[in-house]
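Q: I've got a new model open and I'd like to learn how to read it. Can you walk me through it, feature by feature?

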Amino acid sequence: MDKILMNNMGFYGYHGVFKEESILGQKFFIDMELYLDTKEAGLTDDMNKSVSYGEVYELVKNIVENKRFNLLEALSENIAKEVLKEFSLIKEVMVRVKKPEAPVPGIYDYFGVEIRRKRHE
């Protein structure tokens, strides 16, 4: 299976368990792998045979910036569900949500969640 890579997409959102996170917000970075067959798109150079990563980006941006979730797990699940619903050529998706400013005292790059979901047909 081929894949389209979308890495380190940055958004400002209001997700988290603590009240301050839903008021102040923070940065989130999303990595995605979109699994689909790109052979026909590659042979024909026809965009209709693939998926526009620009359209996927806009969908993810809307979810991260306009919805609110307590858990990264819920944010990840919502992204995966909507991507599979909106883009029928995508057979499977990997979503990694990274939270670099989590309210945890210590030194770290980020905390995050990674999920993989397949289309059920």
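Q: Let's start with one residue. Where is F87 found?

A: Bear in mind that this is a predicted model. To place a residue, look for the helices and strands on either side of it. F87 sits in the loop between α4 and β3.

Q: Is F87 buried or exposed?

A: Go by relative accessible area, where buried means under 20%. F87 has 12%, so F87 is buried.

Q: What does F87 touch?

A: Skip the sequence neighbours, then list what remains. Not counting residues up to four places away in sequence, F87 touches V51, E55, V56, L59 and R119. For a sense of distance, F87 and K118 are 31 residues apart in sequence, and their C-alphas are 12 Å apart in space.

Q: Next, the helix before that loop. How do I read α4, and what span would be expected for it?

A: Compare the end-to-end reach with the expected one. α4 has 15 residues and reaches 21 Å from its first C-alpha to its last, close to the 21 Å expected at 1.5 Å a residue.

Q: Which residues of α4 are buried, and what do they pack against?

A: In α4 the buried ones are L72, L75, S76, N78, I79, A80, E82, V83 and L84. The buried residues of this helix pack against β2, α3, β3 and β4, the last of these being residues 111–118.

Q: How many residues are in the largest nonpolar core, and which have the most contacts inside it?

A: Think of a core as a set of buried nonpolar residues joined through their side chains. The largest one here has 29 residues, and those with the most contacts inside it are I30, M32, L34, V56, I79, V83 and V95. Two or more residues come from each of β1, β2, α3, α4, β3 and β4. The largest share, six residues, is from α4.

Q: Let's zoom in on one of those. What is V83 in contact with?

A: Leaving aside neighbours within four places in sequence, V83 is in contact with M32, L34, V56, L59, I90 and V93.

Q: On to charges. How many salt bridges does the structure hold?

A: Look for a Lys or Arg nitrogen within 4 Å of an Asp or Glu carboxyl oxygen. The structure holds 12 salt bridges. One of them joins E33 and K3, with the closest N and O atoms 3.6 Å apart. E33 lies in strand β2 and K3 in strand β1, so this pair ties together parts that are 30 residues apart in sequence. As for burial, E33 counts as buried at 17% relative accessibility, while K3 counts as partly exposed at 42%.

Q: What does the R96 salt bridge tie together?

A: R96 pairs with D31, the closest N and O atoms being 2.8 Å apart. R96 lies in strand β3 and D31 in strand β2, so the pair ties together parts that are 65 residues apart in sequence. D31 is buried at 5% relative accessibility, and R96 is partly exposed at 23%.

Q: Which residues are linked with D31 and R96 in a network of salt bridges?

A: Here you follow shared partners from pair to pair. The network links D31, R96, K98 and E114.

Q: Last, the surface. Which residues make the nonpolar surface patch of about 300 Å²?

A: Look for nonpolar side chains that are open to the outside and grouped together. V17, F18 and L71 make this patch. L71 lies in the loop between α3 and α4, and it is partly exposed, with a relative accessible area of 44%.

Notes. Residues numbered from 1 in each chain as written. Predicted model: local features only at pLDDT ≥ 70, side-chain atom pairs only at ≥ 80, totals over all residues. Heavy atoms only, no water. Salt bridge = Lys/Arg side-chain N within 4 Å of Asp/Glu carboxyl O. Helix = DSSP H or I, 4+ residues; strand = E, 2+ residues; numbered from the N terminus. Buried < 20%, exposed > 50% of the residue type's maximum accessible area, 1.4 Å probe, protein only. Patch = residues over 30% accessible without salt bridge, like charges linked within 9 Å, V, L, I, M, F, W, Y side chains within 5 Å. Areas by Shrake-Rupley, 256 points an atom, 1.4 Å probe, with all protein chains shown as cover. Expected span 1.5 Å × (residues − 1). Contact = heavy atoms within 4.5 Å. Core = buried A, V, L, I, M, F, W, Y, C linked by side-chain atoms within 4.5 Å.
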